[in-house]
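Reader: I would like a close look at one part of this chain. Please start with a single side chain and work outwards from there.

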Amino acid sequence: GVIITAVDPSSDAADKGLRRGDLIISVNRQPVTSSQGLLAAVANARRAGRTSVLLLVKRGRAPEAFIGIDIGTQ
């Protein structure tokens, strides 16, 4: 997975409750193991015309949770 080191406070990720220290396990049900893999998954979703991605996130001892994040069309 990929550990979140910072979250833009004005982003959809912040609005959805993601925070520093959370672990992103997968993007659109595809495992990610590096920040490069995460960025590539988001870029692939944008190229496919998607405006959001589905993240599987783990926080501490809490159960894993799916969170949909708006990525816009940038």
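Which backbone nitrogen does the side chain of Asp12 reach, and at what distance?

Author: The side chain of Asp12 reaches the backbone nitrogen of Asp70, at 2.7 Å. This is a polar contact (N or O atoms within 3.5 Å, one able to donate a hydrogen and the other to accept it; residues adjacent in sequence count only if both atoms are side-chain atoms). The model is predicted, so local features need pLDDT of at least 70 and side-chain atom pairs pLDDT 80 or more, while totals for chains, interfaces and linings use all residues. Numbering runs from 1 along each chain as its sequence is written, and side-chain values use heavy atoms, without hydrogens and water.

Asp12 sits in helix 1 (12-15). Helices (H or I, at least four residues) and strands (E, at least two) are DSSP runs numbered from the N terminus. Set aside the neighbours within four places in sequence, and Asp12 is in contact (heavy atoms within 4.5 Å) with Gly68, Ile69 and Asp70.

Take Ile69 from that list and move inwards. Ile69 is among the residues with the most contacts inside the largest nonpolar core. Such a core joins buried Ala, Val, Leu, Ile, Met, Phe, Trp, Tyr and Cys residues through side-chain atoms within 4.5 Å. This one has 17 residues. Leu18, Ile24, Val27, Val53, Leu55 and Val57 also rank among those with the most contacts inside it. Strand 2 (23-27), helix 2 (35-47), strand 4 (52-58) and strand 5 (65-70) each give the core at least two residues. Helix 2 supplies the largest share, with four.

Leu55 shows how these pieces meet. Beyond four places in sequence, Leu55 touches Leu18, Ile24, Ser26 and Val27. Leu55 also touches Ala65, Phe66, Ile67 and Ile69. Ile69 thus appears twice: as a partner of Asp12 and as a partner of Leu55.

Ile24 leads to another spot, Val2. Val2 is in strand 1 (residues 2-3). Val2 counts as buried, because its relative accessibility is 11% (buried is under 20%, exposed over 50%, partly exposed in between, with a 1.4 Å probe and protein chains only). Past four places in sequence, Val2 touches Asp22, Leu23 and Ile24. Val32, Thr33, Ser34, Ser35 and Leu38 are also touched by Val2. Gly37 lies 35 residues from Val2 along the chain, yet their C-alpha atoms are separated by 9.0 Å.

Ser34 links Val2 to Gly37. Ser34 touches Val2, and its side chain reaches the backbone nitrogen of Gly37 at 3.0 Å. Ser34 is in the loop between strand 3 (30-31) and helix 2. Its relative accessibility is 26%, so Ser34 counts as partly exposed. Thr5 is 29 residues from Ser34 in sequence and 13 Å from Ser34 in space, C-alpha to C-alpha.

One more loop deserves a look. Asn28 lies between strand 2 and strand 3, and Arg29 is in that loop too. Most residues other than glycine have a negative phi. Asn28 has a positive phi, near 50°. Arg29 has a positive phi as well, about 65°. Their accessibility can be set side by side. Asn28 is partly exposed because its relative accessible area is 26%. Arg29 is exposed, because its relative accessible area is 59%.
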